[in-house]
Every structure is written in structure tokens, then in C-alpha cells.
Amino acid sequence: MTIKVIIFSKNQIETLKKHSEQNSPNEACAILFGNNVNYQVTIKEIFLTKNIDQAPANFTISSEELIAAYSSAEKMALDVSGIFHSHPVSVPYPSLTDKKYMEINPVPWIIFSNINDEFKAYIYNSGIIIEIPVKVL
Ligand SMILES: [Zn+2]
């Protein structure tokens, strides 16, 4: 999937930051719903999830929450447009584990770093990880 930009509102960014701070020192995670028009993804809703691993360097969303997320996106007529997680103690760059799962889930992956307060987005495309610009409106 080619995506030129991923657009968040200020409120959505605040919600994701707060969720990350509350889960620190463990990783926080969420599913992002939105739409994709002309290669621009606009995030519309955030579905906060639990990290069942409760670990500082990896995350897992339960299959129950995944099913609930997909069904609520469908009800809202939105796409699952991104997977969010935080890096409490490292920079917002995909880990080796992230890269493995990005290949399985080729949607935008958004990573927030608690250490430098930065959001970055990436997508797996034909064997490589591409950074997607993040825009906050
Ligand atoms: Zn990660």
C-alpha cells in the first residue's frame, strides 16, 4: 500500500500520548480507524487496547480486542488504518519484532517514543520499511 501522509488531530495525539504515559514503563497499544483518500490516511477514531504482555519492549493485543476493534470499525464504516504502540525507553523506530509483524500486517504502524516525545509512522512495502510523514491538524 502506498501512503503519502497520515493525518491526526491534536486531540488524537494527546489521547495517544496520555495512553502511553499511563502504560509506561510498559508499551501501550491501540488500533486506529480512518479512511484513505488519494493516498492520504486520515485518522477518525482511536480504539485503545490493552497490552496483554505488560512488557516494556513488546506488545500483544488480545484476539478478543482485535475482533471487537474490527467489528466497531465496520459499524462506523471506517478502515483499520493503523496500529499504534509506544516505545517507553527507546526511539520511535521499529524493532526487529515490530518489523516481523509489520510484514504480516502491512498497514501503517505508528510509534510514539516516551523518551523524545516523537510520533513516527512506517509501513512495510515489498520487503522494505518506508517512513510515512505524520501531520497533525
Ligand atoms: Zn516497537
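Start by selecting lysine 17: with a relative accessible area of 16%, this residue is buried. Keep in mind as you click around that you're looking at a predicted model.

**Stop 1: across the chain from lysine 17**

Now add aspartate 117 to your selection. Lysine 17 and aspartate 117 form a salt bridge, and their closest N and O atoms are 3.3 Å apart. Colour by secondary structure and you'll see that the two belong to distant parts of the chain: lysine 17 sits in helix H1 (residues 10-23), while aspartate 117 is in the loop between strand S5 (109-113) and strand S6 (118-125), 100 residues apart. Buried or partly exposed: which is aspartate 117? Its relative accessibility is 43%, so aspartate 117 counts as partly exposed.

**Stop 2: a little network**

How many salt bridges does a search of the whole structure find? It finds 3, and the lysine 17 pair you just saw is one of them. For the others, select lysine 120 and show its side chain. Lysine 120 meets glutamate 118 in a salt bridge, at 3.7 Å from N to O. Lysine 120 also forms a salt bridge with glutamate 131, where the closest N and O atoms are 3.3 Å apart. That second pair ties together parts that are 11 residues apart in sequence, because lysine 120 lies in strand S6 and glutamate 131 in strand S7 (residues 128-132). With shared partners, these salt bridges join Glu118, Lys120 and Glu131 into one network.

Switch on a surface here if you like. Lysine 120 is partly exposed at 22% relative accessibility, glutamate 118 is partly exposed at 31%, and glutamate 131 is partly exposed at 44%.

**Stop 3: the zinc ion**

Next, select the zinc ion. Which residues coordinate the zinc ion? They are His85 and His87, each through NE2, and Asp98, which appears twice through OD, at 1.9 to 2.7 Å. Along the chain, these donors follow the spacing H-x1-H-x10-D. Histidine 85 lies in strand S4 (residues 79-87) and aspartate 98 in helix H3 (residues 96-104), so this pair ties together parts that are 13 residues apart in sequence. Both histidine 85 and aspartate 98 are buried.

Why is the arrangement around the zinc ion irregular? Because the 4 donor atoms subtend angles of 53 to 163 degrees. As a yardstick, four tetrahedral donors would ideally give 109.5 degrees.

**Stop 4: tryptophan 109 and the cores**

From the zinc site, move to tryptophan 109, which is in contact with both His85 and Asp98. Other contacts, leaving aside neighbours within four places in sequence, include Phe59, Ile83, Tyr101, Met102 and Lys120. That last name is familiar from the salt-bridge network.

Tryptophan 109 also belongs to the largest nonpolar core, a set of 17 residues in which Ile31, Phe33, Phe59 and Trp109 touch the most other members. Strand S2 (29-37), helix H2 (63-75), S4, S5 and S6 each give two or more residues to this core, and S2 gives the most, with 3 residues. Then try selecting Ile6, Leu32, Ile110 and Ile132: they are among the 16 residues of a second, separate core.

**Stop 5: zoom out**

Finally, select residues 6-137, where UniProt places the feature "domain: MPN" in an unreviewed entry. How far apart do the end C-alpha atoms of this span lie? They are 11 Å apart, and the span is 27% helix and 39% strand.

Key
Residues are numbered from 1 along each chain as its sequence is written. This is a predicted model: local features need pLDDT of at least 70, side-chain atom pairs count only at pLDDT 80 or more; totals for chains, interfaces and linings use all residues. Side-chain values use heavy atoms; hydrogens and water are left out. UniProt positions are given in the numbering used here, feature names are shortened, and annotations may be inferred rather than shown by experiment. Helices (H or I, at least four residues) and strands (E, at least two) are DSSP runs, numbered from the N terminus. Donors are N, O and S atoms within 2.8 Å of the metal (3.2 Å for Na, K and Ca); water is not among the atoms, so sites may look incomplete. Four donors count as tetrahedral if all angles lie between 85 and 135 degrees; four count as square planar and six as octahedral if opposite donors are over 155 degrees apart and all others between 65 and 115; anything else is irregular. Buried means under 20% relative accessible area, exposed over 50%, partly exposed in between (1.4 Å probe, protein chains only). A salt bridge is a side-chain nitrogen of Lys or Arg within 4 Å of a carboxyl oxygen of Asp or Glu. A nonpolar core is a set of buried Ala, Val, Leu, Ile, Met, Phe, Trp, Tyr and Cys residues joined through side-chain atoms within 4.5 Å. Contact means heavy atoms within 4.5 Å.
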